[in-house]
Amino acid sequence: MTAKRSYQEPATTVSRRENDFPSNDDGFIRSYYNRSSSVANDTANKASTIEEQRRQLPAFSHKKQLLYAIEKHSVVIVVGEPGSGKSTQLPQYLYEAGWSANGKTIGCTQPRRIAAAMLAQRVSEEMGVELGTTVGYSVRFSDAFNPETTRIKYLTDGTLIRECLADPLLSAYSVIMVDEAQDRSIATDMLLALLKKILRKRKNDLRVVISSASLDAERFRAYFDSNDVAATTTTAETPTLGSATILSISGRLFPVDVHYLTTPCENYLTASVEAVMNIHMHEPAGDILVFLPGKDDIAQALADTHELAQNNDGLGSMMLVPLSAGLSQEEQRQVFDPMPAGKRKVVFSTNVAETSVTIDGIVYVVDCGFVKQRVFDSVTGIDKLVTQPISRSSAVQRAGRAGRTQPGKVYRLYTYEAFKSGLFSPHDVPEVCRLSLAPMVLTLMALGVNNLVRFDYFQPPPPELLSHALEQLASLGALEPQRAVLTPDFGIYLAELPLDPKLGACLLNAAQKFHCLREALAAVGMLAIGSDPFVVPNGQRAEAELDKRDFMVQEGDVLTFVNALVAYQETPAKLRSQWCRLHFLSSRTLEQADRVSRQLEGYLIRMGYSRERCRQSCGQDFSRLQKCLTSGLFANAAKLEVDGSYRLFRGGPALWVHPSSVLFPETAKPKFVMFAEAMETTKLYMRGITAIDSTWLAEVAPHYYSEAK
Ligand SMILES: Nc1ncnc2c1ncn2[C@@H]1O[C@H](COP(=O)(O)OP(=O)(O)OP(=O)(O)O)[C@@H](O)[C@H]1O
């Protein structure tokens, strides 16, 4: 049996609770722990219809105020507690008030795909319409909407930016709500800047709503105020629009008790599993949501909880479910399925469930206090996944997943003192300061922004990241020599592909030079979803390893994945699931990769490549595919060192073959390799490895490698 950890009892007085919470100066809401919502709680428990539930949400009592503000201001910044009804209700209020009466759409953006799809699902249920008709969604590689009938559209910020490529003024929209703006993804920042530009041209017929539970509202207001929209909109016929305004929605539907550890825990994984077991044994019914940093942690926590539960009588009533970005949409949807009576659902999730997601039945949240964040090093050009403490803003969001459909409890696996200390920064470092900017720069250029230095960013990116992005795009052949302008035969097409430019370049080069699109589409489809298709069922490791050998090739992981996906695609559709089970392959992963590669084929066909061109295969000449992959990923080429590690040709830290790689157990490692991504856990590991010939580097990227030996 697990030892019970000691938590601080939540304080009983409101004032103590208010003091617990970071001040408003940080953009947080003080009343978060306020118990005054218990009155609302009683009423809410009696709610029997969706309509009644909607009326009880805090947003409802602010409806008139919100609509008035949106009528009178071009930009409205809405700050409201998690679960107060921003994401689901505001778009409906706008719809009901006639903002889409002229055939225009109300768009609501989300940083994450799962949130966009789930919100559309929920709002279509609330409105009693079929998903994809009046209410729809659009995210990368998946959508459900009808341009003729959809009036409320949930989409990722990135998808809306892509829509700008075809409709630069976003003329299909009357209102755009940028939800979860505190997330500060590159796409959110870029969208804010584009909207500011668009507002200058669409003075009276576009409104922008920016919403969050935890943002620095004044900063957003100042950014939009500098647009001076108000000064440009006074005519007799048109109303005088005010500049940006801030509106807060106070209160929440259900109370949430927050518990901290009294002493720090040594291992967040062990502590998370213990917390789950303790809740399960000592707390009344209610599902549990556990936040962990990454997929590996989730797999370990699932195994540990399973083992502990099996060793304890009467604990079979738990249902363990993983949730992370790498899972297919169908797998992600399982998280929302109702539980059979008497079962307790335990969801182990990365931060994909942190914002805008309501999982009905969640009463308990366990927050390990860590997140895995991507950080790009512009000197080495390597992306690392680094595990680090979350921000206080993230802690608010995580806690906000409890108390949405009933009162909740949050167990923070860190001390209150640590939370208040400098260890937890108020907000996450925005992506624009820590990720590769090549995708952003490519899109901005495709939108006609050629002066990247003078562009009115929400937050100017570090110059070294900007110059690295320009260097990368130039070396891929996307820029005209010596000019920051996209090449007409390559750069423009590259911007149209919904892919990282390195992967997009592999596809375009496969079509234009290497004539192996069949396999390149499979390789890029697999790399775009970022999941390993091989599965190891409990107790069947030896059989699974043996079977994997049927697909394994010494050329590395990517070609092994291609073999598996091509074999899957050649299997008749109705036999695919059975075939996958037989070969220890994940049918969901392969189905998703197949769907992505077919969609990418659609993009290429729209660009003018024939279907025959898309089916061209390299046959047994794998080197053609390897060379093609090298033409996009050349910056990730590395050579073997005497200690068994690898190092980039341009120098940098030691890189190791990941244990999941097909090249891991071999003693005779290839002298030169190239990887899709590097991830730092105990060591800096390479993933998605392909063996290469070093002479290809000077051939496919002469500007980058004048001589590689
Ligand atoms: N799928 C769902 N099942 C049941 N109730 C839901 C669902 N989605 C939303 N709700 C109800 O609607 C409320 C409002 O949700 P909404 O996502 O609009 O809040 P929010 O203010 O945007 O929260 P956040 O800031 O956390 O995104 C939830 O607290 C919950 O009571």
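Helix axes are lines fitted to C-alpha atoms over the stretch in contact, and angles run from 0 to 180 degrees between N-to-C directions. Keep that in mind for the exercises below. The model is predicted.

**Exercise 1. Describe how helices H8 and H9 cross, and sort the residues that meet there.**

Solution.
Step 1. Find the helices. H8 covers residues 186-201, and H9 covers residues 217-225.
Step 2. Compare the axes. They come within 10 Å of each other and cross at roughly 40°.
Step 3. Give the hand. The crossing of H8 and H9 is right-handed.
Step 4. List the residues. H8 brings Leu192, Ala193, Lys196 and Leu199. H9 answers with Phe220, Tyr223 and Phe224.
Step 5. Sort them. Six residues of this contact are nonpolar, one is charged and none is polar. Lys counts as charged, so Lys196 is the charged one.

**Exercise 2. Work out the strand order of the eight-stranded sheet, and explain why E4 and E8 have a side without a neighbour.**

Solution.
Step 1. Write the order: E4-E3-E5-E2-E6-E7-E1-E8. The sheet is open, and its pairing is mixed.
Step 2. Look at the ends. Strand E4 (142-144) and strand E8 (245-249) stand at the edges. Each has a single partner strand, so one side of each lacks a neighbour in the sheet.
Step 3. Add the twist. From one strand to the next it averages 20°.
Step 4. Check one edge. E4 pairs with E3 (residues 135-139) in the antiparallel sense, over three bridges. Ser138 stands opposite Asp143 in E4.
Step 5. Place a helix. H8 lies across strands E1 (75-80), E2 (105-110), E6 (173-179) and E7 (207-212). Its direction is at about 150° to E6.

**Exercise 3. Do the same for the five-stranded sheet, then place helix H25.**

Solution.
Step 1. Write the order: E18-E17-E20-E21-E19. This sheet is open too, with mixed pairing.
Step 2. Mark the edges. Strand E18 (646-648) and strand E19 (656-657) each have a single partner strand, so one side of each is left without a neighbour in the sheet.
Step 3. Inspect the E18 edge. Three bridges join E18 to strand E17 (residues 637-640), and the two run antiparallel. Lys639 has Arg647 in E18 as its bridge partner.
Step 4. Add the helix. H25 (residues 622-633) packs on the sheet and touches E17, E20 (672-680) and E21 (684-691). The direction of H25 makes about 50° with that of E20.

**Exercise 4. Describe the hairpin of E14 and E15.**

Solution.
Step 1. Pair the strands. E14 (residues 370-377) and E15 (residues 382-389) are antiparallel, with eight bridges.
Step 2. Find a facing pair. Asp377 stands opposite Ile382 in E15.
Step 3. Look at the turn. Four residues lie between the strands. Gly381 in the turn has a positive phi of about 80°.

**Exercise 5. Which residues come nearest to the ligand, and which polar atoms lie by its oxygen and nitrogen atoms?**

Solution.
Step 1. Start with the surroundings. There are 16 residues around the ligand. Lys86, Ser87, Thr88, Arg401 and Arg404 come nearest.
Step 2. Take the oxygen atoms. A polar side-chain atom of Ser87 is 2.5 Å from a ligand oxygen atom. A polar backbone atom of Arg404 is 2.6 Å from an oxygen atom of the ligand.
Step 3. Take a nitrogen atom. A polar side-chain atom of Thr358 lies 3.4 Å from it.

Methods
Residues numbered from 1 in each chain as written. Predicted model: local features only at pLDDT ≥ 70, side-chain atom pairs only at ≥ 80, totals over all residues. Heavy atoms only, no water. Pairing = 2+ DSSP bridges. Contact = heavy atoms within 4.5 Å. Left-handed = near helix turned anticlockwise from the far one by under 90°. Near = heavy atom within 4 Å. Polar contact = N/O pair within 3.5 Å; in protein donor to acceptor, adjacent residues only side chain to side chain.
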